[in-house]
Amino acid sequence: MTLYDADTVDACSWPQTPEARLARDYFVPLMKRGSTPFLSDRTTLRLVAMDDLRIPLAINEAEYDNSPLHSTWVRYIGLPVAAVTAEAYGAARAVVMRGAMRTLGAMLKAARIDKCIYVDHWLVLRNLHVSLDEAQVERLTAFLVEQFPGHAIVFPAINPASASPLLNTLAARDYGFVYAAHTRMTLPTQDVSRQVRENRRRDGRLLEAAGYRIVDGREMPDCAPRLRELYRSLNADKYHSTLDYTEELFAWTLREGLFQYKLAVKDGRVDGFYATHTSQDVVWSPMFGYDLALPQELGLYRGLVHRLMQDALEVGLTIELGPGSDPFKSLRGSQPVPRWSAFHVKHLSGFRQYAWRTLQRYVNGGVRPAANAMLKKIDGDAAVGFGPLTLPFTPPTGQTPREAARALREQVDGLEAALESAARLEGEARLQALSPLSQTLHNWPQPMPRVVALRERLTRLEQEARRKPVQAAAPVGAPPEDQARQLLQEATRWGDTSLVVAHLGEAPAPHLKALVEALRQAAGSVGVVLTATRGGKVVLVTAASEALRGMGVDAGQLMAQAAPCVDGKGGGSPEVAWGGGSRADGIDAALTATRRFVESRLAGPVPSGGVG
C-alpha cells in the first residue's frame with residue numbers, strides 16, 4: 001500500500017479500470033495544484049494505491065469556513081444554525097435552538113471534529129464509491145491510522161442505493177454511522193403515475209416553446225465565464241451555499257471532456273446549463289445553473305431538469321438529482337434516498353471519541369427524524385430508509401442502479417425477440433402474439449429510444465396482420481356489372497356492411513363511372529374505394545350507399561382518408577367523391593387507411609397500438 005502526494009504521484013501505476021483512469025485524469029491534476037484554484041474549499045489531496053484500487057483522500061485539519069463538502073462542523077452546526085430563523089421557528093424557539101446547537105458546536109470544535117481524512121472523496125463528484133472487502137477495509141484503516149494517527153477516518157455521504165455492500169462491510173469492521181442528509185434518485189425501471197408522466201410531458205415542451213436550443217458545451221468552448229456566472233446565480237445567490245467553483249474548473253472540465261455540458265441557448269446567449277458525469281450506471285450532475293433574472297414563466301429550471309432526467313432515463317440509467325426543490329422533484333417521480341457517513345475514531349482520545357458519539361446521537365436521534373417527517377409529507381410511502389438505523393443496509397430503492405440497468409436491458413431484449421417471433425406469424429395468430437407486447441410497450445414508464453422503435457415496429461406488424469390483401473380486379477374489358485359482382489364477393493364485411501376496396505390499374509373514366517354506379521345499386525350498406533392510374537397519375541373514387549351514410553360514413557370521409565396517402569385531394573357529394581394524386585406508391589396505404597377508418601367506425605375502437 002502506497003500513499004502518494006503531489007510530488008510523488010507521477011510514479012503511480014494505473015490499472016485499466018474506469019475508476020483508476022478517472023483518478024489519473026481528474027483527481028491527480030487537482031491534487032497537483034491543490035483545491036483552491038478550482039473551488040473555494042481548502043483541503044489537502046492525497047491518493048492511496050491498494051491492490052488494483054486508487055483511492056482519493058481529502059485531508060482536513062480545522063477548516064471551519066469550508067462548505068459541508070469538507071467540514072463536518074459546517075454540515076451539522078454552521079448551516080443549521082444559519083437556517084434557524086425567527087420567521088421559521090418563532091423568536092423564542094429560535095433562540096433556544098441556536099443556543100443548543102452553538103453549545104454542541106463549541107464542544108465539537110474543542111474535540112477537533114474537522115480533523116478528518118475523508119476517504120474515497122472525489123470532491124465535486126458524489127456518485128462514486130469504492131468496492132472493498134472486510135480484509136481491505138481492515139488494511140486500509142490500519143494504514144491510515146498509522147499515517148495520520150490524529151485524524152478521524154471518514155467515508156463521507158455513502159448512498160445505500162448504490163453502495164449497501166460497502167456500508168455493511170464498514171459496519172462489520174466497527175465503523176459508526178451518522179446520517180448525512182439525503183439525495184434523490186429515479187431508477188429507469190421505476191413505475192410512475194399518470195400525473196408524473198403528464199408533468200414530464202409538460203416540462204418537455206418548455207424549452208422549445210421558449211425558443212431555446214440544447215447545445216453540447218463543446219460547441220461553445222469559451223463559455224466558462226458565463227457558466228460560472230449562472231452557477232453562482234443559482235447556488236451562491238439563491239441558495240447561499242458557501243461552496244464556489246472557479247472559472248478555471250469550468251474551463252478545464254469542459255476542455256478535457258471530464259463532464260458533459262448541455263447548454264440552453266437562445267439568440268446566441270447561454271441562459272442555463274447542466275453538467276453530467278456517469279459512473280456505475282448513475283448519471284450525476286455536479287454543476288447546474290440558470291439565469292434567475294429571466295421570467296419564471298419561461299420554465300428554464302423545469303425544462304433543464306427534464307432534459308437532465310431524460311439524458312439518463314432514455315439510455316436506461318439512474319438519474320441522481322441531489323437534494324433541494326423536493327416537492328418539484330417528487331412530482332417528477334424522484335425518490336428520496338438517505339446518505340450515511342461512516343467514521344472510525346477508536347484510535348483517538350476518549351474526549352474526541354465522546355464528541356463523535358455525541359454528534360451521532362444528535363444527528364441520528366434529532367436531525368434524521370426531522371428529515372424523515374419532512375420527506376414523508378412530500379413523498380409519502382416513497383420516503384424509505386429514513387427510519388432508525390438498522391443493519392444490514394439494503395437499497396431503499398429496491399434495486400441498485402446496476403441491477404435496474406441490467407434488468408431493463410434484459411426486458412427490452414426480450415421484447416425485441418418476442419416481436420421478431422411474432423413477425424413470423426400471420427393474421428390472427430400474429431395479433432394474439434402481439435397483444436401482451438402492445439400492453440407492455442404502450443404503458444412503458446420511460447420513453448427510451450429503443451422502446452419507441454419497438455412501438456413503431458409493433459404498430460407496423462399489427463397493421464400488416466389486419467391488412468386484407470388487395471384482390472386483383474376483374475379485367476377492365478369485362479362489363480361493369482360483372483366486375484361489380486366480383487368486387488362485392490371479395491369485399492370486407494362487418495355484419496351487413498360491405499366495403500369494396502380495389503386498385504383497377506389503367507382504367508378509363510367511363511368504365512370507372514359505370515362501375516361505381518353498379519356498386520351503388522347493390523343492396524344493403526356498401527362503401528366503395530377504387531383507385532386507378534392514368535398517365536402516371538392516381539385516380540380516386542369513393543362512394544357510400546344510403547344505408548352506409550345512415551351509419552355515419554359518407555364518400556367525403558372515405559376520400560379524406562385516401563387522398564393524403566397519394567399526395568392528392570378530392571371532393572364531391574356524400575354519395576360519390578372523386579379525386580386524384582401524384583404518388584402511385586401510396587395506393588396500398590390509401591386502401592388500407594380507408595379500410596381501417598370504416599373498421600374503426602363500424603367495428604369499435606382500433607385496438608391498442610393501431611393507427612387512430
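The second largest cavity of this predicted model holds about 30 Å³ of space. A search of the whole structure finds two cavities of 30 Å³ or more. The lining of the second largest cavity consists of Asp216, Arg218, Leu254, Gly257, Phe259, Gln260 and Tyr261. By class, that lining divides into three nonpolar, two polar and two charged residues.

**Helix α10 and the cavity lining**

- Helix α10 covers residues 247-255, and Leu254, a residue of the cavity lining, is one of its buried residues.
- The other buried residues of α10 are Leu249, Phe250, Trp252 and Thr253.
- The cover over the buried residues of α10 includes two helices, α1 and α9 (224-235), together with the strands β8 (260-266), β9 (269-279) and β10 (282-290).
- Gly257, which also lines the second largest cavity, follows α10 and has a positive phi near 70°.

**The second largest pocket**

- The volume of the second largest pocket is about 480 Å³.
- The lining of this pocket comprises 23 residues, and those nearest its centre are His129, Val130, Ser131, Gln280 and Arg402.
- The elements that contribute two or more residues to this lining are α1 (18-33), β3 (53-60), α6 (160-172) and α14 (401-423).
- In terms of residue class, the pocket lining contains 12 nonpolar, six polar and five charged residues.

**Overall architecture**

- The protein contains 21 helices and 18 strands.
- Its radius of gyration is 34 Å, whereas the globule rule gives 25 Å for 612 residues; the protein is therefore more spread out than a compact globule.
- Along the principal axes, the C-alpha atoms fill a box of roughly 110 × 50 × 45 Å.
- Buried residues make up 51% of the 612 residues of the protein.
- Among contacts with a separation of 6 or more, 71% are between residues 24 or more positions apart.

**Helix α11 and His306**

- Helix α11 spans residues 300-313, and its 14 residues should extend over 20 Å at 1.5 Å a residue; the end C-alpha atoms are 20 Å apart, which agrees with that expectation.
- Because 11 of its 14 residues are buried, α11 is largely enclosed by the rest of the structure.
- The buried residues of α11 are Leu300, Tyr301, Gly303, Leu304, Val305, His306, Leu308, Met309, Gln310, Ala312 and Leu313.
- An α-helix has 3.6 residues a turn, so residues three or four places apart point the same way.
- His306 is located in α11 and has a relative accessibility of 14%; it counts as buried because this value is under the 20% cut-off.
- Apart from neighbours within four places in sequence, His306 contacts Arg200, Asp203 and Gly204.

**Strand β2 and Thr44**

- Thr44 belongs to strand β2, which comprises residues 44-50.
- With a relative accessible area of 36%, Thr44 is partly exposed, because this value falls between the 20% and 50% cut-offs.
- When residues up to four places away in sequence are not counted, Thr44 touches Leu57, Ala58 and Ile59.
- Thr44 and Glu599 are separated by 555 residues in sequence, and their C-alpha atoms are 73 Å apart in space.

**Backbone features in loops**

- Leu391 and Pro392 are joined by a cis peptide bond, with omega about 0°.
- Pro392 is located in the loop between α13 (350-379) and α14.
- Arg112, a residue other than glycine, has a positive phi near 50°.
- The position of Arg112 is in the loop between α4 (91-110) and β4 (116-119), and its relative accessible area of 43% makes Arg112 partly exposed.
- Asp267, also a residue other than glycine, has a positive phi near 55°.
- Asp267 lies in the loop that connects β8 and β9; with a relative accessible area of 72%, Asp267 is exposed, because this value is over the 50% cut-off.

Note on methods
Residues are numbered from 1 along each chain as its sequence is written. This is a predicted model: local features need pLDDT of at least 70, side-chain atom pairs count only at pLDDT 80 or more; totals for chains, interfaces and linings use all residues. Side-chain values use heavy atoms; hydrogens and water are left out. Helices (H or I, at least four residues) and strands (E, at least two) are DSSP runs, numbered from the N terminus. The expected span of a helix is 1.5 Å times one less than its number of residues. Buried means under 20% relative accessible area, exposed over 50%, partly exposed in between (1.4 Å probe, protein chains only). On a 1 Å grid over the protein atoms alone, a cavity is a set of points where a 1.4 Å probe fits but cannot get out, and a pocket is an open set with protein on both sides within 12 Å along at least five of seven lines; lining residues have an atom within 4 Å of a point. Grid points are joined across faces, edges and corners, and a volume is the space filled by probe spheres set on the points. Ala, Val, Leu, Ile, Met, Phe, Trp, Tyr, Cys and Pro count as nonpolar, Asp, Glu, Lys and Arg as charged, and the others, Gly among them, as polar. The radius of gyration is taken over C-alpha atoms; the globule rule is 2.2 Å times the number of residues to the power 0.38. Contact means heavy atoms within 4.5 Å.
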